[in-house]
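Pull up the model and keep the sequence beside it. We'll go through the structure one piece at a time, so take a moment to orient yourself before reading on.

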Amino acid sequence: MKINVRLYEDYWKKSRLKDYQNMLEYAKKNGYEMAGILDFYTMVENGKLSKDFYDGDKKLLINRHDIDTSPKVARKMFEIEKQVYGKNASATYYFRDSTVDTALIHELEQYGYETGYHYENIAKFEKRKKLKNVDKIRQYLPQIRIRFRQDLNNFRIKTDSRSLSVASHGDFINVKYSLSNTELLNDPEIRTSSGILVEAYDEKIMKYVEQRFADHILLGEFADYVKEGIKMGKKCIMILTHPRNWEVDRKANTRENFVRFFEAVQYKK
């Protein structure tokens, strides 16, 4: 993202939360049920997304939030979802270690929505070790998986949450080496031993998604694109949002930008 766009997005843009609310209201008006990742996975496992689903009247809006920077804005999005859909729905909120908000996590789960762990272990490992070679990084995957299991367990204890689904966080390391954190979960044993039912990018659920929209790509045009997908009558739409793209949280954005800049400088040394 160009620096001028990043500065505008992080410090000066007007709130887009009304657009978010209008989008959800439009989805509901057009017959879309809202579901989180774990509920979506359960539908797939129970055979509810068979050919009959696509031939029938049921339509799904799969709602995933990655809380990269601002739990404060995430709470506002949750309040909008409660207002529009209430308890007859769900959404999934993935928290990083740096964005854990235990009060919000408890509220989300008590309301019937899902929370999960937004992991970034491969990137964290490489920023510490500076191997700077993708093949060498992969050689350490068994060691990184052990750390992932520990981090996930600590997250569950700290937040008193189930975290049955998890989602990979993207970092400049992952982009640089075309190496996603999801490679950690290619080993079935780590899933079993960690009690993970599904990863948000798993093909076994993604293959049922007809359209996927991500706000970090579409930014201010996101809601319009989602509405267009709804207007086209797509049966299964997945949306990925990040609170920082919907309303400015200068303190959280400044902290995250400083950390990213410092890590990038340190990595080059």
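**A walk through the model**

Let's begin with glutamate 183, which counts as buried at 16% relative accessibility. Keep in mind as you look that this is a predicted model. The partner of glutamate 183 is arginine 138, and the two side chains meet in a salt bridge with 2.7 Å from N to O. Arginine 138 sits in helix α8 (residues 134-139), while glutamate 183 is in the loop between α10 (172-177) and α11 (188-194), so this pair ties together parts that are 45 residues apart in sequence. Is arginine 138 buried or partly exposed? At 33% relative accessibility, arginine 138 counts as partly exposed.

That bridge has company: searching the whole structure turns up 20 salt bridges. Side chains of opposite charge can pair when their charged atoms come close. Two more of these pairs involve helix α15 (residues 250-268), so find that helix next. One is between arginine 96 and glutamate 256, whose side chains meet at 3.3 Å, N to O. Arginine 96 is in the loop between β3 and α6 (102-111) and glutamate 256 is in α15, which puts the partners 160 residues apart. Arginine 96 has 7% relative accessibility and counts as buried; glutamate 256, at 13%, counts as buried too.

Further along α15 you'll find glutamate 263, which forms a salt bridge with lysine 127, the closest N and O atoms being 2.8 Å apart. Lysine 127 belongs to helix α7 (residues 121-129), so the pair ties α7 to α15 across 136 residues of sequence. Lysine 127 is buried, with a relative accessible area of 16%, whereas glutamate 263 counts as partly exposed at 26%. Salt bridges also join up into a network, in which Arg6, Asp10 and Arg244 are linked.

Now for the nonpolar side of things. In soluble globular proteins, nonpolar side chains tend to be buried together. Here the largest nonpolar core has 54 residues, and those with the most contacts inside it are Leu24, Tyr85, Tyr93, Tyr113 and Phe148. Which helix gives the most to this core? That would be α5 (residues 71-84), with six residues. There is also a second, separate core of 20 residues, which includes Val44, Phe53, Ala200 and Met238.

Tyr113 is a good place to zoom in. Leaving out residues up to four places away in sequence, tyrosine 113 touches a long list of others, among them Met34, Phe78, Tyr85, Ala89, Tyr93 and Leu108. Its contacts aren't just nonpolar residues by name: the list also includes Glu81, Lys82 and Ser90. Phe78, Tyr93, Tyr111 and Tyr113 form one aromatic cluster.

The whole structure holds twelve aromatic pairs. Phenylalanine 78 and tyrosine 93 make an edge-to-face pair, 6.4 Å centre to centre with 80° between the planes. Their pairing links distant parts of the chain, with phenylalanine 78 in helix α5 and tyrosine 93 in strand β3 (residues 92-95), 15 residues apart. Phenylalanine 78 is buried at a relative accessible area of 1%, and tyrosine 93 is buried at 0%.

Val44, which we met in the second core, is also one of the buried residues of helix α3 (residues 37-45). The others in that helix are Ile37, Leu38, Phe40, Tyr41 and Met43. An α-helix has 3.6 residues a turn, so residues three or four places apart point the same way. Once you're past α3, look for glycine 47, whose phi is positive, near 75°.

Let's finish on the outside. Ile3, Leu7, Tyr8 and Trp12 make a nonpolar surface patch of about 460 Å². Leucine 7 lies in helix α1 (residues 3-12), and at 33% relative accessibility it counts as partly exposed. Another residue to pick out is aspartate 55 in helix α4 (residues 51-55), which counts as exposed at 52% relative accessibility. For a sense of distance, try the C-alpha atoms of aspartate 55 and arginine 162: they are separated by 34 Å, with the two positions 107 residues apart along the chain.

Definitions and conventions
Residues numbered from 1 in each chain as written. Predicted model: local features only at pLDDT ≥ 70, side-chain atom pairs only at ≥ 80, totals over all residues. Heavy atoms only, no water. Buried < 20%, exposed > 50% of the residue type's maximum accessible area, 1.4 Å probe, protein only. Helix = DSSP H or I, 4+ residues; strand = E, 2+ residues; numbered from the N terminus. Core = buried A, V, L, I, M, F, W, Y, C linked by side-chain atoms within 4.5 Å. Contact = heavy atoms within 4.5 Å. Patch = residues over 30% accessible without salt bridge, like charges linked within 9 Å, V, L, I, M, F, W, Y side chains within 5 Å. Areas by Shrake-Rupley, 256 points an atom, 1.4 Å probe, with all protein chains shown as cover. Salt bridge = Lys/Arg side-chain N within 4 Å of Asp/Glu carboxyl O. Phe/Tyr/Trp six-rings, centres within 6.5 Å; stacked < 30°, edge-to-face > 60°.
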